Amino acid sequence: MKKELFKFLIFTVLILVAPLAFKGGYLMNVLVFVGINTMLAIALNLLLGYCGQISLGHAGFFGLGAYLSGILTATHGLNPWLVMPLAAGLVGLLAYLIGFPILKLKGHYLAMATLGMGIIIYIVFNESVDYTGGPSGLSGIPALSIGSTSFDSDVKSYYLVWAFTLGVCLFSLNLANSRVGRALRAIHDSEIAARVVGVNARELKVRIFALSAVISALAGCLYAHTMTFISPASFGFNFSVELLTMVVIGGLGSIYGSFLGAALLTLLPEFLRAAHDYDIIIYGGLLMVMVMFMPGGLVRSVPDAVRKLVRLKGGAGNA
Amino acid sequence: MLEVSGITQIFGGVTALKDVSFSIAKESITGVIGPNGAGKTTLFNIISGIYTQTSGTVVLEGRNISGLPPERLAPLGMVRTFQNIELFSSMTVLENVMVGMHTKSSSGLLACSLKMPWTFKEEARIRDNAMRWLEFAEISDLAGTVAGNLPFGKGRMLEIARALAADPKIILMDEPAAGLNSQETLGLADVIKKIRDMGITVVLVEHDMELVMDICDRIVVLNLGSKLAEGTPREIQENGDVVAAYLGDE
Amino acid sequence: MQLDQILQFALSGLSTGAIYALIGIGFSIIYNSTGIINFAQGEFVMLGGMLTLFFIGLLQLPLWAAIPCAVLVCTLAGMLFERLAIRPLRKPTPINLVIITIGGSIFIRGLSMLLWGKDTHSLPSFSGDEPITIANATILPQHLWILGITLVIIGANKFFFYHTISGKAMRACSYNSRAAGLVGIDVRRMVLFSFVISSAMGAMAGIIVAPLTMTSYDVGIMLGLKGFCAAIIGGMSSGIATVIGGLILGILESLGAGLISSGYKDAIAFIILLLILFIRPQGLFGKAESERV
Ligand SMILES: Nc1ncnc2c1ncn2[C@@H]1O[C@H](COP(=O)(O)OP(=O)(O)O)[C@@H](O)[C@H]1O
Ligand SMILES: [Mg+2]
């Protein structure tokens with residue numbers, strides 16, 4: 001347990017000093033998104049990697065958080081800090097209610113149902129023009145501020161977003177190594193055996209679905225206030241697939257893996273500017289390759305590969 | 001302790017169980033035997049709440065538990081093991097048994113995630129207890145092994161340890177000796193007797209007749225979904241119908 | 001007047017419904033022989049339309065020659081997909097299968113975008129655009145083509161599954177693949193067959209609908225999902241129940257678009273999908289089954 005805490009501290013320090021290495025500039029802006037995507041990937045990972053329940057509709061919860069935040073602050077002038085827990089709570093409640101019927105389904109059927117849910121939410125964003133501005137989006141969302149400091153520069157947003165992201169990381173790490181986390185993994189491995197020793201699988205799945213939606217909605221709020229403009233295109237099926245790709249690449253059932261996957265997929269397009277339009281080919285290819293050749297994700301495959309390499313070298317040294 | 005009365009189970013057109021009744025005394029070992037397809041696993045699935053029977057009732061310590069799902073039965077003291085072992089294969093042996101203590105602990109989702117002070121104490125208690133059950137099942141040296149990598153016999157023992165961690169009053173075991181070598185079967189017989197001596201009622205489905213006759217206090221025989229006979233091991237051995245059913249089948 | 005309108009919507013819903021039915025049967029055939037819901041099913045529908053265009057445009061083939069070429073290439077793509085993505089999978093858990101077929105689906109979509117760009121294209125109608133009047137409602141000749149071809153495909157399908165050795169073997173696999181393997185049926189080959197048949201059917205669906213609705217690299221998602229919805233209504237049957245499912249969906253969608261709001265038209269299919277999955281996951285006509293332990 002001490003080791004876990006130590007790892008988290010190192011991670012935190014790295015995150016805190018990262019801006020010094022990048023000296024502001026436009027990459028800072030990208031690192032803000034790495035933070036938001038890390039939150040989202042962790043949210044999906046709690047559900048998929050730990051509890052073994054897939055969702056292809058998480059972009060919908062992300063979008064609901066963003067739109068609730070955007071509409072209540074930009075259109076109705078409410079205080080963003082008040083709106084944030086409200087939005088997250090409402091989305092969590094919605095997920096809790098949908099969760100009961102939807103999580104009765106398993107495997108492929110669950111995937112299809114969550115996909116359908118995500119698309120319905122997306123259609124609502126597009127069609128309820130009076131509230132959301134429709135396809136052309138919603139603008140004029142205020143930046144978050146504390147007292148007289150507004151989080152309107154990239155560096156400030158970075159620290160704001162990462163404060164939340166680190167919080168979510170720690171929260172999830174704790175959860176994963178606890179009584180409830182074990183129950184989640186037990187459901188993943190054998191739902192029936194978990195139920196027989198008294199784990200209320202149905203209720204727990206719904207709760208983790210709701211928790212996952214709350215974290216996604218929170219990420220949505222932060223997204224809305226740092227972008228100050230949102231449109232439905234960011235919350236469609238493609239983004240749900242992108243989140244899935246992050247989780248699978250990083251490693252199912254690993255919190256740091258989610259960070260790795262989010263960082264990789266957020267930074268990749270920036271380095272491959274030319275490849276911008278081809279990102280879906282890359283995601284598709286990555287998903288297939290990972291599932292076929294590295295089902296443990298990068299967090300597990302890379303250390304394994306390094307270990308093998310070291311052993312090879314060690315062997316050569318002995319000979 | 002446990003009373004099963006008039007259990008009938010129909011799947012589509014197939015009658016898997018027909019009007020099966022028997023009762024089980026506290027702190028006894030009861031064997032359920034019968035040819036393949038007799039309905040033994042189905043009976044366990046009904047008693048343990050996995051299936052809901054077409055008709056009939058199951059009463060545990062005076063309480064009607066018909067139709068209750070397994071997660072409600074565990075707190076009442078009923079657990080089981082499976083014919084095809086069901087382990088949490090990606091978790092360590094110790095963690096498997098720690099999950100067994102789910103109903104004997106209470107920290108909720110938020111308390112766990114926020115590491116509230118009391119969760120540390122509970123976590124330590126869960127770990128210590130789980131370790132003790134591993135020692136009981138003589139697999140404590142494997143505590144850190146991933147359950148999916150266990151040899152089959154150890155897996156069977158782990159499943160029993162996990163069930164015991166739930167502090168049951170009654171444990172149902174579906175073919176616990178299947179796939180074990182003779183050495184392991186002898187060990188299993190000892191473990192089952194020890195479990196009974198701790199005051200836990202044991203019901204087991206088993207094909208290994210030597211084992212059944214050796215450890216069971218009573219035996220219930222199923223054939224083609226109906227109860228064929230019931231009695232002490234000796235009575236069953238002398239029962240012509242039972243012999244006929246087995247000879248006719250094998 | 002209201003009644004005429006409804007008739008009109010129902011008529012045009014019928015032909016989209018037929019398309020959904022074809023796609024849905026494609027889903028069911030693969031599901032029944034492998035237990036996989038192939039998320040890439042819609043991409044074969046897209047490929048059908050796009051490849052036909054490609055053969056007409058690049059090779060200057062006439063329509064009647066371009067169509068079989070497109071179907072052939074699609075079928076090959078389906079076989080490749082099964083061989084390269086599904087068969088090598090070491091741990092074919094449902095989640096891995098979902099992820100890999102989604103990966104395959106967006107990979108195919110991306111590749112098509114790379115090849116043919118993001119524009120929408122239209123395919124010429126099979127026999128002109130002169131509307132035909134039936135009792136105060138009009139339909140296009142293409143509608144009749146769609147209904148006719150769908151009928152032929154479904155008939156051929158039925159014949160294949162009930163009157164040919166391969167078809168019967170595939171049905172045996174879908175009831176119990178282990179037992180089928182034991183009596184000497186090559187189960188893996190039947191799996192490959194199921195991908196062949198359903199990608200060919202998907203391609204055909206994509207081709208006959210393209211003259212009506214235009215086509216582009218990204219039409220596969222929606223068409224695929226609606227086909228799946230048809231299959232779910234039909235309880236994943238590869239026969240008449242899914243056809244009825246498709247027709248119900250097509251008509252409801254068309255009525256909803258006309259009478260309520262065209263913007264929410266696409267939502268109708270997904271609301272039906274969720275309702276069926278929540279209330280009757282075994283389909284409108286099926287019986288519930290309990291899981292074995
Ligand atoms: N979920 C189910 N659906 C349909 N039939 C079942 C189901 N479970 C068991 N059966 C049938 O019930 C009968 C008894 O099976 P089972 O209880 O597994 O027998 P045993 O454990 O005594 O070998 C068999 O004919 C089996 O096919
Ligand atoms: Mg059995």
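Let's start at Thr41(B), which counts as buried at 18% relative accessibility (buried means under 20% relative accessible area, exposed over 50%, and partly exposed in between, with a 1.4 Å probe and protein chains only). This is a predicted model, where local features need pLDDT of at least 70, side-chain atom pairs count only at pLDDT 80 or more, and totals for chains, interfaces and linings use all residues. Residues are numbered from 1 along each chain as its sequence is written, chains are lettered from A and ligands numbered from 1 in the order in which they are written, and side-chain values use heavy atoms, leaving out hydrogens and water.

Thr41(B) (OG1) and Gln83(B) (OE1) are the protein donors of the magnesium ion (ligand 2), lying 1.9 to 2.2 Å from it. Donors here are N, O and S atoms within 2.8 Å of the metal (3.2 Å for Na, K and Ca); water is not among the atoms, so sites may look incomplete. Gln83(B) is partly exposed, at 29% relative accessible area.

Now to the interior. The largest nonpolar core (buried Ala, Val, Leu, Ile, Met, Phe, Trp, Tyr and Cys residues joined through side-chain atoms within 4.5 Å) has 236 residues, and Ile230(A) and Phe39(C) are among those with the most contacts inside it. A second, separate core of 50 residues includes Ala130(B) and Leu204(B).

Finally, the cysteines: the structure holds zero disulfides over all chains, a disulfide being a pair of cysteine sulfur atoms within 2.5 Å. For Cys169(A), the closest cysteine sulfur, in Cys112(B), is 18 Å away, too far for a bond. Cys169(A) is buried, with a relative accessible area of 1%.
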